[in-house]
Amino acid sequence: MSNTLLEVKRLKKHFAINNGLFKDKSYVKAVDNVSFSVMKGETFGIVGESGCGKSTTGRTILRLNELTSGEVLFDGQDISTLSYEDMRKARRKLQMVFQDPYASLNPKKTIRQILTEPLRVHGLFTKKEREEKAAEIIEIVGLHVSHLDRYPHEFSGGQRQRIGIARAVILQPDLIIADEPVSALDVSIQSQVINLLLRLQMDFNLTYIFISHDLGVVKHITDRVAVMYLGRIVELAKTEDLYDQPMHPYTQALLSAEPIRHPDQKRDRIILKGDVPSPVSPPSGCTFHTRCVSCMEICKTEIPLLEIMEDGRSVACHLYNKM
Amino acid sequence: MSQVSVEKRILYKTNERQNGKVVSLFKRLVKNPFGFLGFLVILSVCIVGLLAPIIAPFNPVETDLTKKLLAPMTEGHLLGTDQLGRDILSRIIYGTRISLLIGVTTVLFAGLIGTTVGVLAGYFRGWVDVVLMRIVDVQLSFPFILLVLIINAVLGTGLKNIMLSLIVVGWVSYARVIRSEVLAIREKEYIHSCFATGVPQWEIIVKHIMPNLFTPLIVLASLQVSTFIIAEASVSFLGFGVQPPTPAWGNMLNEGKNFILSSWWLITFPGLALVITTLGINLFGDWLRDELDPEMNQNR
């Protein structure tokens, strides 16, 4: 578990908003100075509420959006500067599972075409071998060979997501970025798909970046978690540590919002005041200071850095500043 | 499941798909009454055009002023004669050749050019889009007739130049419609997933975006075939179109309109031919569109 597979350094993704011909452009800082690294074989979680930039982070790593600045080192190679063609070839090792299984499969293609395409475009195997691989993988994800000649609309959401996963796994990549892979599914199907992901991880030695807003799922499957708020990572720690003892006030509030299984059990909920500020003009200093229960003077002026604590976890909060 | 049986099933399926493709497509066409009707209409119109010299009862350009404006079913003229005594049925039969040639060729080429431009503009966006769409805007700012006049005045009249001018006029609507369609498709998650998989750009365009353009293309094309056949009439009206006495449905309509109150058959029958052909193309086009959309035919 010691060797790093993916290293993200000061990743930024700013979207320009055109305000009109005679006004300056403003920027949505969807991802702002995000750094983390992912070890081989681990499951790395990214959590946060809607609009915090977690999906954008995943997509930017894969360059589905062009990044504004920063570096993405995959297996030691900086993939953020590769040409389109080189990046295309590198994608064999980096795959993605999309959120909406209803939108992520081309309605005009049969499942056979969808599953053999990744192998074909990377020039792997002969046509016959590719068809065999597709037949193999579709059984692995729990569907049947006879499903190969059907079209996506003939499947349920859970089945489609299995196909989406099969398409990502068929290339035997090193890293799979799963962008909310179960949030569009029924709860009963969610656990099946998660178990499938876990089984595939064992069988194919996969590394996952698991992006989700579902705290329960993240707790269940990840090894380490990064919590994002307004485009920044506020806390990054081992999953058990983070859930046992959240340090950042935002993480504390977030975790207190997770439903408890027993109706008699009570928990002190931390209710945050107000709304998430606009990412176009985020608050000065710590972006969370407008809603923080333990806000101090320094929080309004200085941006807290993500600092590594003694026990190996990192928090971006002035409360824990070493000074 | 054993490896062998999986393999067998794959092979079986593959063979079935490849051998039976055309046959099963035709079988499905026969089962669809409207689609098949459209197909028969198109087929018979083509046959009529091809066999015109054999089928036509009279010479389409021979004038006989003693027999002018005869009503249908008189003196062997099934659909009557026009103001110069020419047999209307024969003129419609011969006119099929030119009208169909104009309609189909112009739509084909206009569609090809317009789709290419639209796909490039919609896919690459940025300056490619700006340049191509400004060309379209410039083109659209010219009135249709003026553009046709310029082209024909410079290049001279003749069937080839009529078709050329109609193509020049026609491609812009394809470019506009296809561009907006591509802009929408490009942002679909399944196109993003192609990028993530590592599909080369040209394959994304040809294999993933283009198949989703069939619906708007078929709707537009089946409309434009008839539009262009009639457009030939307006060009003829200005003296640049198909030159008399050569018969075409467009110029027959155009000449016949002067006699609409006294001799209705001059304009009715070529109009009917146009309506039937257009209807046939539309019915067939509808069937083809549904056939190409897997969600529309569940039970194949």
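1. Burial and overall form of chain A. Of the 323 residues of chain A, 41% count as buried. The model is predicted. Chain A holds 9 helices and 12 strands. Its radius of gyration is 21 Å, close to the 20 Å that the globule rule gives for 323 residues, so chain A is as compact as a globular protein of that length. Along the principal axes, the C-alpha atoms of chain A fill a box of roughly 65 × 60 × 45 Å. Contacts reach far along the sequence: among those in chain A between residues at least 6 apart, 63% join residues at least 24 apart.

2. The annotated domain. The UniProt annotation "domain: ABC transporter", from an unreviewed entry, covers residues 6-255 of chain A. Over residues 6-255 the chain is 36% helix and 27% strand. The end C-alpha atoms of this span are 27 Å apart.

3. The sheet. In chain A, 8 strands form an open sheet with mixed pairing. The order is S6-S7-S8-S3-S9-S10-S12-S11. Strand S6 (94-97) and strand S11 (307-308) are the edge strands, and each pairs on one side only. In general, strands of a sheet pair through backbone hydrogen bonds, either parallel or antiparallel.

4. Strand S9 of chain A. How much of S9(A) is buried? The strand is mostly covered, with 6 of its 6 residues buried. A:Arg224, A:Ala226 and A:Met228 point one way. A:Val225, A:Val227 and A:Tyr229 point the other way. Note that A:Arg224 is among the buried residues. As a rule, side chains of a regular strand alternate between the two faces of the sheet.

5. Partners of S9(A). Strand S3 (residues 43-47) pairs with S9(A) in the parallel sense over 4 bridges. Here A:Gly45 has A:Val225 as its bridge partner. With strand S10 (residues 232-238) the sense is antiparallel, and 6 bridges join S10 to S9 (residues 224-229) of chain A. A:Ala226 has A:Leu236 as its bridge partner in S10(A). A:Tyr229 stands opposite A:Arg232. The hairpin of S9(A) and S10(A) has 2 residues between the strands, and A:Leu230 takes a positive phi near 50° in that hairpin.

6. The S6 edge. Is S6(A) covered on its two faces, or open? Both faces are covered: A:Leu94 and A:Met96 on one side and A:Gln95 and A:Val97 on the other are all buried. S6(A) pairs with S7(A) in the parallel sense over 4 bridges. A:Met96 stands opposite A:Ile177 in S7(A). Helix H5 (residues 157-169) of chain A lies across S6 and strand S7 (175-179). H5 runs at about 180° to S6(A).

7. The nonpolar core. The largest nonpolar core has 134 residues. Which members touch the most others? They are A:Ala166, A:Ile176, A:Ala178, A:Ile209 and A:Val227. Leaving aside neighbours within four places in sequence, A:Ala166 is in contact with A:Leu115, A:Ile137, A:Ile138 and A:Val141. A:Val227 also appears among the buried residues of S9(A). In soluble globular proteins, nonpolar side chains tend to be buried together.

8. The contact between chains. In total, 22 residues of chain B are in contact with 28 residues of chain A. Helix H1 (3-19), H9 and H10 of chain B are the elements that give two or more residues to the side of chain B that touches chain A. H9(B) gives the most, with 7 residues.

9. Helix H9 of chain B. Which residues of H9(B) (residues 189-197) are buried? B:Tyr190, B:Ile191, B:Ser193, B:Cys194, B:Ala196 and B:Thr197 are. They pack against elements of both chains. In chain A these are S6, helix H3 (111-121) and H5. In chain B they are helix H8 (159-186) and helix H10 (201-209). Just after H9(B), B:Gly198 takes a positive phi of about 100°. S6(A) is thus worth viewing from both sides of this story: it is an edge strand of the sheet, and the buried residues of H9(B) pack against it.

10. Annotated spans in chain B. UniProt, in an unreviewed entry, places the feature "transmembrane region" at residues 34-56, 98-123, 217-242 and 262-284 of chain B. Residues 34-56 are 91% helix and 0% strand, with end C-alpha atoms 29 Å apart. Residues 262-284 are 87% helix and 0% strand, with end C-alpha atoms 36 Å apart.

Conventions
Residues numbered from 1 in each chain as written. Chains lettered and ligands numbered in written order. Predicted model: local features only at pLDDT ≥ 70, side-chain atom pairs only at ≥ 80, totals over all residues. Core = buried A, V, L, I, M, F, W, Y, C linked by C-beta atoms within 7 Å. Buried ≥ 20, exposed ≤ 12 C-beta atoms within 10 Å, placed from the backbone. Contact = placed C-beta atoms within 7 Å. Pairing = 2+ DSSP bridges. Axes fitted to C-alpha atoms, helices over the stretch in contact; angles between N-to-C directions. UniProt positions renumbered as here; feature names shortened; annotations may be inferred. Rg over C-alpha atoms; globule rule 2.2 N^0.38 Å.
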